Every structure is written in structure tokens, then in C-alpha cells.
Amino acid sequence: MKKLITFLVPLLFTCLVSASETGGLNSLRTDDLSIQAPAEAMKKVHESDSLLKRDFIQQPPMIPHDIRGYDINKNVNSCLRCHSWKNASKWGATRISVTHFYDRDGKQLADVAPGRYFCVQCHVPQADAKPLLENMFEPVDSLKKQQ
Ligand code: HEC
Ligand code: HEC
């Protein structure tokens with residue numbers, strides 16, 4: 001027991017000290033957590049006739065149209081109504097990428113891989129929202145000045 005205490009007391013002390021040293025990071029949260037904050041106003045989706053620019057090569061492209069009411073569940077995937085290889089040309093939509101037919105073991109499937117089924121895990125519409133923090137992010141050279 002004594003041994004345990006001599007081990008635990010310094011451990012507790014170290015935890016307390018490191019908790020007080022947050023390295024100068026401030027939370028972006030400004031609300032008082034004990035008060036139920038009002039819901040934020042819905043942001044207006046930025047719709048565009050042309051595709052939105054990508055900021056880095058591996059970025060899932062942003063969705064340039066509203067997606068309200070487009071269900072994705074076990075019975076239906078509304079995105080594929082327009083974006084599947086079968087339907088895309090009819091709608092003038094981009095076909096899903098070939099990468100979306102590979103499962104996580106790299107095996108090629110005949111249809112969309114389950115890991116790519118829930119499109120909005122990766123693809124989101126763009127809203128005209130202010131960045132939470134000002135930043136100096138620049139796209140890589142190969143993507144600068146896209147038309
Ligand atoms: C009614 C047809 C339709 C549906 C349904 C639809 N889209 Fe689209 N989508 C389009 C068209 C057409 C474009 C091409 C740009 C444009 O005209 O808005 C597009 C563009 C996109 C792009 C940009 C592709 C690129 O290369 O930059 C993404 C990503 C996308 N849609 C994702 C989705 C997702 C995710 C859903 C489901 C939540 C969805 N779309 C549902 C028609 C559709
Ligand atoms: C796990 C993340 C992920 C999911 C889930 C996902 N995508 Fe993608 N998608 C990407 C990435 C990353 C790219 C860009 C690289 C590439 O082409 O693979 C992309 C590219 C695309 C493109 C552009 C293809 C092109 O030729 O430029 C379309 C359209 C698209 N996805 C639609 C969809 C739709 C529709 C779904 C749902 C059925 C979906 N994606 C699910 C990550 C994802």
C-alpha cells in the first residue's frame with residue numbers, strides 16, 4: 001500500500017502540473033458550457049455552375065450544389081442517382097472516381113466500395129463561412145491559379 005502511495009502521489013502531481021501548462025493554446029469555444037447555446041443559423045450553401053477549386057491534390061472535391069433532401073441510407077443513395085457511372089452523363093455530373101471501387105484491402109469491386117458509400121463523410125458543400133482562425137494557407141504550386 002505504501003509503495004502504491006509513493007507511486008501515485010508524484011504521478012498525480014505531474015498530471016496537475018501538465019494540466020496547468022496548456023502551452024498557451026486557447027479554445028475556440030466562447031460559449032459558457034453550463035448554458036444551452038441557441039442553434040447557429042443555417043449557413044447558405046455556395047452553389048456554383050463550375051466545379052470548386054481544390055486546395056491540395058488528395059482533397060475530396062467540395063460539392064458545388066445544395067444537397068438538402070438527398071438521402072443516403074441502406075436502401076437508397078441519392079448521390080449515385082446522378083454520380084454513378086451509369087447515370088452521370090445523363091445529368092452532366094462528374095462520375096465517381098475509379099478509386100471509389102477499391103475496398104480497404106485494395107481489392108477492386110464491381111460497385112462502389114462500402115467504405116465510399118456514405119459520400120458526405122468526405123464530400124461537403126461549401127458555405128460562405130469565415131475561417132475560425134485567420135491563416136496563411138496556400139495551395140501547392142501545381143494547384144495555384146486554377147481556372
Ligand atoms: C440531380 C443530380 C445530382 C445529385 C442527386 C447529386 N449531384 Fe453532385 N453534381 C451534380 C452535377 C450536375 C455536378 C456538376 C457541377 C454542377 O453542375 O453543379 C455535381 C458536382 C458534384 C461534385 C463536384 C465534383 C468535382 O469534380 O469537383 C461533388 C463532389 C458532388 N457533386 C457530390 C455529390 C454528393 C455527395 C451528392 C449526394 C449528397 C450529390 N453530389 C448529389 C449532380 C448531382
Ligand atoms: C473516404 C472518403 C470518400 C468517400 C466516402 C467518397 N469520396 Fe468521392 N472522392 C474522395 C477523394 C479523396 C476524391 C479525390 C481523389 C480521387 O479521385 O479519388 C474523390 C473524388 C470524387 C469525385 C470526382 C471524381 C473526378 O474524376 O474528379 C466525385 C464526383 C466523387 N468523389 C463523388 C463521390 C460520391 C457520389 C460518393 C458516395 C457514393 C463519394 N464520392 C464517396 C473521397 C471520398
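In what order do the elements of the protein run from the N terminus on?

1. Overall make-up. The model under review is predicted. From the N terminus on, its elements run α-α-α, and the secondary structure comes to three helices and zero strands. Of the 147 residues in the protein, 14% are buried. Among contacts between residues at least 6 apart in sequence, 45% join residues at least 24 apart.

2. The iron of ligand 1. His65 and His83 coordinate this iron atom, each through NE2, at 2.0 Å. Histidine 65 belongs to the loop between helix 1 (2-20) and helix 2, whereas histidine 83 belongs to helix 2; the pair, 18 residues apart, thus links distant parts of the chain. The arrangement is octahedral because the six donor atoms around the iron atom subtend angles of 86 to 178°. In general, six octahedral donors have ideal angles of 90 or 180 degrees at a metal.

3. Exposure of the ligand 1 histidines. Histidine 65 has a relative accessible area of 28% and is partly exposed. Histidine 83, with a relative accessible area of 24%, is likewise partly exposed. Both values fall in the range between 20% and 50% that defines this class.

4. The iron of ligand 2. Here the coordinating atoms are NE2 of His100 and NE2 of His123, at 2.0 Å. Histidine 100 lies in the segment after helix 3 (88-91), as does histidine 123, so the pair ties together parts that are 23 residues apart in sequence. The six donor atoms around the iron atom of ligand 2 subtend angles of 87 to 178°, and the arrangement is therefore octahedral. Histidine 100 has a relative accessible area of 13%, which means that it is buried, since the class requires a value under 20%.

5. Surroundings of histidine 123. A polar atom of the side chain of histidine 123 lies 2.8 Å from the backbone oxygen of proline 61. With neighbours within four places in sequence set aside, histidine 123 is in contact with Pro60, Pro61, Ile63 and His100. This list includes His100, the other histidine that coordinates the iron atom of ligand 2.

6. The largest pocket. The space in the largest pocket is about 1,100 Å³. Its lining consists of 46 residues, and those nearest the centre are Pro61, Met62, His83, Thr94 and His123. Two of these names recur from the iron sites: His83 coordinates the iron of ligand 1, and His123 coordinates the iron of ligand 2. Helix 2 (residues 78-83) gives the most to the lining, with six residues.

7. Valine 45. This residue is found in the loop between helix 1 and helix 2 and counts as partly exposed, at 22% relative accessibility. Leaving aside neighbours within four places in sequence, valine 45 is in contact with His65, Asp66, Pro125 and Gln126; among them, His65 is a donor to the iron of ligand 1. The C-alpha atoms of valine 45 and isoleucine 63 are 9.5 Å apart, with their positions 18 residues apart along the chain.

8. Alanine 93. The segment after helix 3 contains alanine 93, which is partly exposed at 22% relative accessibility. Not counting residues up to four places away in sequence, alanine 93 touches Cys82, His83 and Ala88. The C-alpha atoms of alanine 93 and cysteine 82, eleven residues apart along the chain, are separated by 6.2 Å.

Terms used. Residues numbered from 1 in each chain as written. Chains lettered and ligands numbered in written order. Predicted model: local features only at pLDDT ≥ 70, side-chain atom pairs only at ≥ 80, totals over all residues. Heavy atoms only, no water. Donors = N, O, S within 2.8 Å, 3.2 Å for Na, K, Ca; no water. Tetrahedral: all angles 85-135°; square planar, octahedral: opposite > 155°, others 65-115°. Helix = DSSP H or I, 4+ residues; strand = E, 2+ residues; numbered from the N terminus. Buried < 20%, exposed > 50% of the residue type's maximum accessible area, 1.4 Å probe, protein only. Polar contact = N/O pair within 3.5 Å; in protein donor to acceptor, adjacent residues only side chain to side chain. Contact = heavy atoms within 4.5 Å. 1 Å grid on protein atoms, 1.4 Å probe; cavity = no way out; pocket = protein on both sides within 12 Å on 5 of 7 lines; lining within 4 Å. Points joined across faces, edges and corners; volume = space filled by probe spheres on them.
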